[in-house]
Amino acid sequence: MALLFCEHFDGYDTTAKYRAAGGYISGGGTYEPVAGRFGGGAARAAALSTGHIRLLKQAPAAASILRVAYHIRCTMTGFSTTGTRPILQLRNGTPDRYYSHWGYDFGFAESNGLYHTKFDDAQATGQVISGRPPTKTRGINDGNWHHVETALQVSTTVGIAQMWIDGIENTEQTVVSGDTSDAVSGDIDSFDRVVIAGCSSNSTAGSGGNLLWMDDLIIWDDSGSDFAGRLPGEHRLRRVLPTANGALSQWTPNAGVNFAAVDDATQDDDASYVAQNASDSIDYYKNTSIGWTPASIIGFQVESVARIDSGMQAWRNKLKDSGGTDRNGVSKPATTAYVKAEDFYGLNPATSAAWSKTSIEASEFGVEFV
């Protein structure tokens, strides 16, 4: 699997902190710290807005099937019928333009049907490419959480548009001539951004467009050997917080021991932290008993949030895998506000095999000042 995007929505207590850490976010949507599928945070849809805009880690591999999965809860009754106010939308474009020629909208159409649509911004036209009438669609506006998984392949001849809701195939539909591309713009397979939890209603009144929540969003394609195809079941993104110091403790905590200064279940800004201003300084942490045993693990992501008082510096995540080898994440420029760095490992690099509870507990994760 090539993971393109991963968002668990946990660890913040205000919308402002979430926006600052995540970046590339518009002002429409909000963050709710205890509204999530499993009791953590969730993104709440923006009423009559485009929601949260985030850059993908990379573009999907050419001609690969692009896959998206998330949990969703909805209580509204008046959904969008235009295709322009999606739950989630993938777009392609240049870095200085959020809305490019067209993208795929994973949105509502008609009463309670969940649909794929394609939309050409330049032509201001939308077209349903996969879906069924509401009478044949599993209703998801019942106030309960539902699991959604989709598969898309953009092509003029062999396009694919599939959807599963709560594990049941819901909208596999033969697209005319297999064409899932845009007739005007041509085939697009280089999406570089995602709109999260946008408005799904034509109105803010009554059943307004913000009565929708999203949690545990992942986007991947079928390239690579880590993982491909459908998920083995409903997924969950769970955090592993440190419970002990690791092999190196070269940063300085503002109080107490190092791991306890960074084990925040909710980001506490400057209340507790570790600090360093010397290059190549590393802090490692670990959790030798994560307390739960997943049926399978499709990847492990190292995350940290950091800021700098002044100047121009960077940091990167570190992973000491279960074989004791140090792995470097991608350097992240620091700003005066807390921002997040993320590095994904689909397989345990020590064994080139799937992660297990044991291999995570035997690994260490941390940060390096660069």
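The following exchange concerns confidence, burial and contacts in a predicted model.

User: How are residues numbered, and which pLDDT limits apply to this predicted model?

Analyst: Residues are numbered from 1 along each chain as its sequence is written, and side-chain values use heavy atoms, with hydrogens and water left out. Because this is a predicted model, totals for chains, interfaces and linings use all residues, whereas local features need pLDDT of at least 70 and side-chain atom pairs count only at pLDDT 80 or more.

User: What is the mean pLDDT of the protein?

Analyst: pLDDT is the predictor's confidence in each residue, from 0 to 100. In this protein 69% of residues reach 70 or more, and the mean pLDDT is 77.

User: How many contacts does the model have for residues 94–113, and how many for residues 119–137?

Analyst: A contact means heavy atoms within 4.5 Å. Over residues 94–113 the pLDDT is below 50, and beyond near neighbours in sequence this stretch has 103 contacts. Over residues 119–137 the pLDDT also stays under 50, and the contacts beyond four places in sequence number 63.

User: Where do the buried residues of helix H1 fall, seen down its axis?

Analyst: Helices (H or I, at least four residues) and strands (E, at least two) are DSSP runs, numbered from the N terminus. Buried means under 20% relative accessible area, exposed over 50%, and partly exposed in between, with a 1.4 Å probe and protein chains only. In H1, residues 15–22, the buried residues are Thr 15, Lys 17, Tyr 18, Ala 21 and Gly 22. Their arc, taken from the directions from the helix axis to the C-beta atoms, is within 165 degrees, so they line one face of the helix.

User: Is Asp 216 buried or exposed?

Analyst: Asp 216 lies in strand E14, residues 212–221, and has a positive phi of about 50 degrees although it is not a glycine. Its relative accessible area is 1%, so Asp 216 is buried.

User: What is the relative accessible area of Asp 269?

Analyst: Asp 269 also has a positive phi, of about 55 degrees, and is not a glycine. Asp 269 is placed in the loop between strand E16 (252–253) and strand E17 (274–275). Asp 269 is partly exposed because its relative accessible area is 30%.

User: Which residues touch the most other members of the largest nonpolar core?

Analyst: A nonpolar core is a set of buried Ala, Val, Leu, Ile, Met, Phe, Trp, Tyr and Cys residues joined through side-chain atoms within 4.5 Å. Apart from the largest core lies another of 24 residues, among them Tyr 285 and Trp 315. In the largest core, of 35 residues, those touching the most other members are Tyr 70, Leu 217 and Ile 219.

User: How far apart in space are Ile 219 and Leu 4, C-alpha to C-alpha?

Analyst: Ile 219 is in strand E14 and counts as buried because its relative accessibility is 0%. Beyond four places in sequence, its contacts include Leu 4, Phe 5 and Val 194. Ile 219 and Leu 4 are 215 residues apart in sequence, while their C-alpha separation in space is 5.4 Å.

User: Which residues does Gln 58 touch, not counting residues up to four places away in sequence?

Analyst: Gln 58 is found in the loop between strand E4 (52–55) and strand E5 (66–74). With a relative accessible area of 41%, Gln 58 is partly exposed. The residues touched by Gln 58 are Ala 2, Leu 4 and Phe 191.
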